[in-house]
Amino acid sequence: MDENVHVIERYERAWIIFGLGMIAVFLVLIGYLMIANRDSIPIGAGRVNATQVRSEGDFANPRVEQVGNEYVVYVQAFAFGYLPTEIRVKAGRKVTFKITSPDVQHGFQIERTNINPQVIPGEIVEVSHVFKSPGEYRIICNEYCGIGHANMISKIIVEP
Ligand code: CUA
């Protein structure tokens, strides 16, 4: 073996170590972000009979409920809109959205946040957020749901 082979091996080893190091860094980063952002990761929170969403249970009465210092919002995403029509909360408090659909699949993206769950008929999706700054945040549907899809917009009013 001449000198060049050893030089190549040394570089190869360095790159392998670098590659493994990057994998380790990314795994730690992903783990950290999942824990840090755990509330904004949508979770399944049970099922309801889609045909009864409008007539029975919490989603037949879409509302903002204050629970201690926090809010729970029961949202019905339907073709083509969201109920309750007005969501009003105070800044700096945790807001947990429970959302379902009585008809087809919809989206629930809140602008300027990373909240963006998919809403499936009969499935309750739960996601939380703390609005740090007051203002109006639009909710938009980004799952194509029919002729009125583009107009499926609502808003959240965050008060100081
Ligand atoms: Cu609802 Cu698109």
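**Exercise 1. Decide whether F97 is buried or exposed, then place its ring among its aromatic neighbours.**

Step 1. F97 has a relative accessible area of 0%, so F97 is buried. Buried means under 20% relative accessible area, exposed over 50%, and partly exposed in between, with a 1.4 Å probe and protein chains only. The model is predicted: local features need pLDDT of at least 70, side-chain atom pairs count only at pLDDT 80 or more, and totals for chains, interfaces and linings use all residues. Residues are numbered from 1 along each chain as its sequence is written, and side-chain values use heavy atoms, with hydrogens and water left out.

Step 2. Check the partner. F108 is also buried, at 0% relative accessibility.

Step 3. Count the ring pairs. The structure holds five aromatic pairs. Rings of Phe, Tyr and Trp (its six-membered ring) pair if their centres lie within 6.5 Å; planes under 30 degrees apart count as stacked, over 60 as edge-to-face and the rest as tilted.

Step 4. Classify the pair. The ring centres of F97 and F108 are 5.3 Å apart and the planes stand at 55 degrees, so this pair is tilted.

Step 5. Locate both rings. F97 sits in strand β6 (residues 94-100), and F108 in the loop between β7 (106-107) and β8 (109-110), so the pair ties together parts 11 residues apart in sequence. Strands (E, at least two residues) and helices (H or I, at least four residues) are DSSP runs, numbered from the N terminus.

Step 6. Widen the view. Y82, F97 and F108 form one aromatic cluster.

**Exercise 2. Trace the strand partners of β3.**

Step 1. Start with burial. β3 spans residues 70-78, and eight of its nine residues are buried.

Step 2. Recall the rule. Strands of a sheet pair through backbone hydrogen bonds, either parallel or antiparallel. Here two strands pair if DSSP finds at least two bridges between them.

Step 3. Take β2 (residues 63-67). β2 and β3 are antiparallel, over five bridges. Q66 stands opposite Y71 in β3. Two residues lie between the strands of this hairpin, where G68 takes a positive phi near 60 degrees.

Step 4. Take β6. β3 and β6 pair in the parallel sense, over six bridges. Q76 stands opposite T100 in β6.

Step 5. Take β4 (residues 81-83). β3 and β4 are antiparallel, over three bridges. Q76 also stands opposite L83 in β4. A hairpin of two residues joins β3 to β4.

Step 6. Follow β6 onward. Six bridges join β6 to β10, and the two run antiparallel. The bridge partner of T96 in β10 is S128.

**Exercise 3. Give the strand order of the four-stranded open sheet and find its edges.**

Step 1. The order is β5-β12-β11-β8, with mixed pairing.

Step 2. β5 (87-90) and β8 are the edges, each with a single partner strand, so one side of each has no neighbour in the sheet.

Step 3. β5 pairs with β12 (residues 153-159) in the parallel sense, over four bridges. V89 has V158 in β12 as its bridge partner.

**Exercise 4. Find the unusual backbone angles.**

Step 1. Set the baseline. Most residues other than glycine have a negative phi, and most peptide bonds are trans.

Step 2. The bond from A79 to F80 is cis, with omega near 10 degrees. F80 is in the loop between β3 and β4.

Step 3. The bond from L83 to P84 is cis, with omega near 0 degrees. P84 is in the loop between β4 and β5.

Step 4. R112 is not a glycine, yet has a positive phi of about 65 degrees. R112 lies in the loop between β8 and β9 (118-119). R112 is exposed, with a relative accessible area of 59%.

Step 5. Look at the side chain. R112 lies over the face of Y137, at 4.3 Å from the ring centre. A charge sits over a ring if NZ of Lys or CZ of Arg is within 6 Å of the ring centre and within 35 degrees of the ring normal.
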